[in-house]
Amino acid sequence: MPRSERTRNLVAVALITASLAVIAWVLATTPAADEDRVHALATRLKCPVCESESIADSPAELSRELYALIEERVDQGWSDDEIVAFFVSTYGEEVLLDPPGDARTALLWVLPLVAAGIGVALVLGRSRRAEAAALTEEERARVARALEERRRREAR
């Protein structure tokens with residue numbers, strides 16, 4: 001690759017990287033609009049009368065009323081934590097679609113990692129056993145003779 005082409009590619013990569021960094025910084029530092037906050041909160045909270053549906057997704061009348069309540073609390077200046085705490089105190093922790101990350105729910109977060117680790121260990125152990133079951137020199141010689149014999153028969 002000519003040197004000038006390499007320089008152009010490096011400059012292009014640097015510009016793209018800088019652009020992505022600026023976009024990420026702007027998105028990270030811009031506060032969410034109230035509508036976005038209300039919707040985000042409504043997607044985290046479960047509809048009390050529905051099966052595994054968020055307040056945002058449920059068509060139930062109660063969910064529409066709770067969505068309006070979230071809007072009202074956001075307009076009053078409540079923080080997200082205060083609104084979630086209000087719903088938890090009113091409906092219990094079952095209202096949370098994602099279980100909280102505390103000692104009681106630690107197994108829910110750790111067990112998938114343990115299961116994945118066990119799965120990886122089993123696959124690696126199985127592949128090592130497959131390597132150990134490789135042919136011996138005598139078996140390889142027999143296979144080579146059989147293949148050579150087959151080639152001779154087919155050549156006739």
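## Exercises on loops, helices and salt bridges

Glu93 is placed in the loop that runs between helix H4 (80-91) and helix H5 (106-132). The model examined in these exercises is a predicted one.

**Exercise 1.** Determine whether Glu93 is buried, partly exposed or exposed, and identify its contacts beyond the neighbours within four places in sequence.

*Solution.* Begin with the accessibility: the relative accessible area of Glu93 is 35%. Buried requires a value under 20% and exposed a value over 50%, so Glu93, at 35%, is partly exposed. Next, consider the contacts. With the neighbours within four places in sequence set aside, Glu93 touches Val88, Pro100 and Arg104. Finally, the distance to Arg37 may be examined: the two residues are 56 positions apart along the chain, and their C-alpha atoms are separated by 20 Å.

**Exercise 2.** Locate Ser58, classify its accessibility and describe the polar contact of its side chain.

*Solution.* Ser58 belongs to the loop between helix H2 (34-44) and helix H3 (61-75). Its relative accessible area is 1%, and Ser58 is therefore buried, the limit being under 20%. Apart from neighbours within four places in sequence, Ser58 is in contact with Cys47, Cys50, Glu53, Ser63 and Arg64. One of these residues, Ser63, also makes a polar contact with Ser58, side chain to side chain, at 3.2 Å.

**Exercise 3.** State how many salt bridges the whole structure contains, and analyse the one between Arg140 and Glu137.

*Solution.* A search of the whole structure yields 6 salt bridges. In the one under study, the side chains of Arg140 and Glu137 meet at 3.3 Å, N to O. Both residues lie in helix H6 (residues 137-155), 3 residues apart, which is about one turn of the helix. As to accessibility, Arg140 is partly exposed at 43%, whereas Glu137 is exposed at 59%.

**Exercise 4.** Establish which residues are joined with Glu148 into one salt-bridge network.

*Solution.* First, the side chain of Glu148 forms a salt bridge with that of Arg151 (3.2 Å, N to O). These two residues of helix H6 are 3 residues apart, about one turn. Second, Glu148 forms a salt bridge with Arg152, whose closest N and O atoms are 3.9 Å apart; the cut-off is 4 Å. Arg152 and Glu148 also both lie in helix H6, 4 residues apart, about one turn. Salt bridges with shared partners thus join Glu148, Arg151 and Arg152 into one network.

How values were computed
Residues numbered from 1 in each chain as written. Predicted model: local features only at pLDDT ≥ 70, side-chain atom pairs only at ≥ 80, totals over all residues. Heavy atoms only, no water. Buried < 20%, exposed > 50% of the residue type's maximum accessible area, 1.4 Å probe, protein only. Contact = heavy atoms within 4.5 Å. Polar contact = N/O pair within 3.5 Å; in protein donor to acceptor, adjacent residues only side chain to side chain.
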